[in-house]
Amino acid sequence: MSKAPRRWLVVGSGAIAARHVACVTQLLSNVSFARLSSSGRSATFPAIDDMVDEVFDSWDTALAWNPEAAIVANATSGHITALQKLLTFGIPVFVEKPLARNPHEAGRIVELAK
């Protein structure tokens, strides 16, 4: 069995992102979370910032943090961009539903995952 990820990047700032952070926290101990705010906006669900150790404002700083896993819980329109970044770096991801806006975009995501 492989070692469980300890550094989780959260892409998203709403209640669903916070719920996923809470679930991972219940399942794993000694986990660190960082939230990416690539839009520069503050959290839409303020409690999430109480649940994370870092808040990054760019993909470069978020990826330099060396996350071992990621939760993608932003708007569906942003999933493809997040997955392009994360999968390029080989970071395992959990993606909130729906995966994509349309079948074409879903196909692009499947190709990225390969």
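Helices here are DSSP runs of type H or I with at least four residues, and strands are E runs of at least two, both numbered from the N terminus.

**Figure 1. The whole protein has five helices and five strands.** A quick heads-up before we zoom in: this is a predicted model. Follow the chain from the N terminus and the elements go β-α-β-α-β-α-β-α-β-α. The radius of gyration is 13 Å, close to the 13 Å that the globule rule gives for 114 residues, so the protein is as compact as a globular protein of that length. Picture a box of roughly 35 × 35 × 25 Å along the principal axes, and you have the space that the C-alpha atoms fill. Out of the 114 residues, 38% count as buried. Now take the contacts with a separation of 6 or more: 57% of them come from residues 24 or more positions apart. As for the outside, the accessible surface is about 6,600 Å², and 54% of that belongs to carbon and sulfur atoms.

**Figure 2. Strand 1, helix 1 and strand 2 form a right-handed β-α-β unit.** Helix 1 covers residues 15-27. What joins strand 1 (residues 7-11) to strand 2? Five bridges do the job, and the two strands run parallel. To find your way along the pair, look for Arg7, which sits opposite Ser32 of strand 2.

**Figure 3. Strand 2 is largely enclosed by the rest of the structure.** Why can we say that about strand 2? Strand 2 spans residues 32-36, and four of its five residues are buried, so the rest of the structure largely encloses this strand. Besides its bridges to strand 1, strand 2 pairs with strand 3 (residues 54-56). That pairing is parallel too, with three bridges. One spot to check is Leu36, whose bridge partner in strand 3 is Phe56. While you're looking at these strands, remember that side chains in a regular strand alternate between the two faces of the sheet.

**Figure 4. Arg35 sits in strand 2 and contacts Asp49.** Is Arg35 buried or exposed? Its relative accessible area is just 3%, and the cut-off for buried is under 20%, so Arg35 counts as buried. Its side chain has a polar partner as well: a contact of 2.7 Å links it to the side chain of Asp49.

**Figure 5. Ala82 is a buried residue of helix 4.** Helix 4 takes in residues 79-88. The relative accessibility of Ala82 is 1%, so this residue counts as buried. Which residues does Ala82 touch, if you skip those up to four places away in sequence? They are Val11, Trp59, Val72 and Asn74. One of these, Val11, takes you back to strand 1, which covers residues 7-11. For a sense of scale, try Ile16: it is 66 residues from Ala82 in sequence, and their C-alpha atoms are 16 Å apart in space.

**Figure 6. Asn30 and Asn66 each have a positive phi.** Most residues other than glycine have a negative phi. Asn30, though, has a phi of about 55° and is not a glycine. You'll find Asn30 in the loop between helix 1 and strand 2. With a relative accessible area of 69%, Asn30 is exposed. Then there's Asn66, with a phi near 60°. Where is Asn66 found? Look in the loop between helix 3 (59-64) and strand 4 (69-72). Asn66 has 53% relative accessibility, and exposed means over 50%, so Asn66 counts as exposed.

**Figure 7. The loop between strand 5 and helix 5 holds Pro98 and Arg101.** Strand 5 is 93-95 and helix 5 is 103-113. Most peptide bonds are trans. The bond that joins Lys97 and Pro98 is cis, with an omega of about -10°. Arg101 lies in this loop too, and at 53% relative accessibility it counts as exposed. The side chain of Arg101 makes a polar contact of 2.7 Å with the side chain of Glu105. What else does Arg101 contact, leaving aside neighbours within four places in sequence? Thr76 and Ser77 are its partners there. Finally, the C-alpha atoms of Arg101 and Gly78 are separated by 9.6 Å, with the two residues 23 apart along the chain.

Methods
Residues are numbered from 1 along each chain as its sequence is written. This is a predicted model: local features need pLDDT of at least 70, side-chain atom pairs count only at pLDDT 80 or more; totals for chains, interfaces and linings use all residues. Side-chain values use heavy atoms; hydrogens and water are left out. Buried means under 20% relative accessible area, exposed over 50%, partly exposed in between (1.4 Å probe, protein chains only). Two strands pair if DSSP finds at least two bridges between them. A crossover is right-handed if, with the strands pointing away from the viewer, the path from the first strand over the helix to the second runs clockwise. A polar contact is a pair of N or O atoms within 3.5 Å; within protein, one must be able to donate a hydrogen and the other to accept it, and residues adjacent in sequence count only if both atoms are side-chain atoms. The radius of gyration is taken over C-alpha atoms; the globule rule is 2.2 Å times the number of residues to the power 0.38. Contact means heavy atoms within 4.5 Å. Accessible areas come from the Shrake-Rupley method with a 1.4 Å probe; for residues, only the protein chains shown count as cover.
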